[in-house]
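Thanks for passing this one along for a look. My notes are below, written so that you can follow each point with the coordinates open.

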Amino acid sequence: MHQKTFEIDYPKKPIKCILTHKDPRSTEQENTQPSFLFTHGAGGTLQSDAIVNFVDGFTSSSNQSILCFQGNMNLQSRVKMFKAVHDHHGKDEDAPRCLGGRSMGARAAITASAHNTNTSHLVLISYPLHTDKGDVRDAILLDIPAEVQVLFVSGDRDAMCEIERLDAARERMKGTTYRVVVSGADHGMNVKPKMRTRGVGVKVGEVVAEWLQLGFDDGGDGGREGIITWDEESEEAEWSGWTAGD
């Protein structure tokens with residue numbers, strides 16, 4: 001894995017970016033085009049365990065590059081940062097086609113995608129579907145165009161995204177959606193005991209890389225749901241593969 005850190009001009013403060021790729025020649029080249037733009041949650045950073053583990057898994061299993069950028073805690077500001085980073089790497093067919101994020105970053109990715117005509121895939125990790133007060137954030141999900149494929153990755157202990165409520169929202173969405181459940185994970189993708197968190201986070205990145213690599217343009221083998229679990233015997237995170245679901 002090879003990384004390149006740089007900044008993109010932005011009002012008040014430059015946007016810190018980290019471009020990661022398996023091939024060192026890709027990160028060393030000028031104007032390298034990332035295929036995937038990703039950002040962290042409201043209180044996170046580029047050094048958060050959830051981001052580091054995810055990026056490590058993604059790049060170890062993909063020939064595609066991923067660019068993660070640092071943002072603040074304001075949703076609308078994060079959306080504008082997405083646009084700045086996206087436009088920095090070209091427009092229309094030359095720009096990155098996949099946007100994604102964790103928690104609030106996932107919300108920002110959805111809103112930003114509405115302004116990018118070339119967006120074909122969204123990766124939404126720990127999407128905060130509902131709040132403690134009962135507010136449901138499903139309206140922007142229902143506005144995602146039918147041609148955009150969406151992958152949700154959520155822990156089954158995530159207090160902000162009950163799997164049943166997520167599936168209900170997916171049924172109402174216009175396009176094709178996919179769902180990965182991480183067994184035992186909370187909103188921060190932490191599992192118990194803590195020593196398992198790293199392996200589970202890396203596996204999430206691997207599964208997302210596989211999903212983007214295949215494209216699923218024709219629905220793949222019909223499977224649109226899967227689960228990541230911890231195998232006690234091998235002491236490793238395991239991926240079920242895609243299944244048709246219920």
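The points that follow go through the cores, one helix, the aromatic pairs and the salt bridges of what is a predicted model.

1. Let me start with the interior. The largest nonpolar core has 32 residues, and the members that touch the most others are Leu122, Leu124 and Leu141. Helix α4, residues 104-113, is the biggest contributor to this core, giving 5 residues. Apart from it there is another core of 31 residues, which includes Phe38, Leu151, Val153 and Val191.

2. Leucine 141 is a good residue to centre your viewer on. If neighbours within four places in sequence are set aside, leucine 141 is in contact with Ile110, Leu124, Tyr127, Leu129, Phe152, Ala169 and Met173. Three of these names come back below: Ala169 is one of the buried residues of helix α6, while Tyr127 and Phe152 form an aromatic pair with each other.

3. Which residues of helix α6 are buried? In this helix, which spans residues 163-172, they are Ile163, Leu166, Asp167, Ala169 and Arg170. These residues lie on the same side of α6, because the arc they cover around the axis is only 160 degrees. Glu164, Glu171 and Arg172 are exposed, on the other side of the helix.

4. What do the buried residues of α6 pack against? Their partners are α5 (139-142) and the strands β7 (149-155), β8 (177-182) and β9 (225-231). Two of the buried residues carry charge-pairing roles as well: Asp167 and Arg170 belong to a network of salt bridges that also links Arg179 and Glu225.

5. On to the rings, where the structure holds 10 aromatic pairs. Tyrosine 127 and phenylalanine 152 make one that is edge-to-face, with 6.4 Å from centre to centre and 75 degrees between the planes. This pair links distant parts of the chain, since tyrosine 127 sits in the loop between β6 (121-125) and α5 and phenylalanine 152 in strand β7, 25 residues apart. Tyrosine 127 is buried, at 0% relative accessible area, and phenylalanine 152 is buried at 0% too.

6. Another edge-to-face pair joins tryptophan 239 and tryptophan 242, because their planes stand at 80 degrees with the ring centres 5.1 Å apart. Tryptophan 242 has a relative accessible area of 12%, and so counts as buried. Elsewhere, ring pairs gather Phe36, Phe38, Phe54 and Phe58 into a cluster. Phe38 also appears in the core of 31 residues.

7. Now the charged side chains. Side chains of opposite charge can pair when their charged atoms come close. A search of the whole structure gives 9 salt bridges. In one of them, aspartate 87 meets lysine 83 with the closest N and O atoms 2.6 Å apart. Both belong to helix α3 (residues 75-88), and because they are 4 residues apart, about one helical turn separates them. Aspartate 87 is partly exposed at 24% relative accessibility, and lysine 83 is partly exposed at 44%.

8. Arginine 172 brings us back to α6. This arginine forms a salt bridge with aspartate 138, the closest N and O atoms being 3.0 Å apart. The two come from distant parts of the chain: arginine 172 is in helix α6 and aspartate 138 is in the loop between β6 and α5, 34 residues apart. Exposed or buried: which describes each partner? Arg172 is exposed, whereas aspartate 138, at 18% relative accessibility, counts as buried.

9. Glutamate 232 and arginine 196 form a further salt bridge, with 3.0 Å between the closest N and O atoms. Glutamate 232 is in the loop between β9 and β10 (236-239) and arginine 196 in the loop between β8 and α7 (197-214), so the bridge ties together parts that are 36 residues apart in sequence. Glutamate 232 is exposed at 55% relative accessibility, while arginine 196 is buried at 17%.

10. One last stop is the loop between β6 and α5, where lysine 133 is found. At 78% relative accessibility, lysine 133 is exposed. Tyrosine 127, in that loop as well, is buried. From lysine 133 to isoleucine 51 the C-alpha to C-alpha distance is 27 Å, with their positions 82 residues apart in sequence.

Notes
Residues numbered from 1 in each chain as written. Predicted model: local features only at pLDDT ≥ 70, side-chain atom pairs only at ≥ 80, totals over all residues. Heavy atoms only, no water. Core = buried A, V, L, I, M, F, W, Y, C linked by side-chain atoms within 4.5 Å. Buried < 20%, exposed > 50% of the residue type's maximum accessible area, 1.4 Å probe, protein only. Contact = heavy atoms within 4.5 Å. Arc of directions from axis to C-beta. Phe/Tyr/Trp six-rings, centres within 6.5 Å; stacked < 30°, edge-to-face > 60°. Salt bridge = Lys/Arg side-chain N within 4 Å of Asp/Glu carboxyl O.
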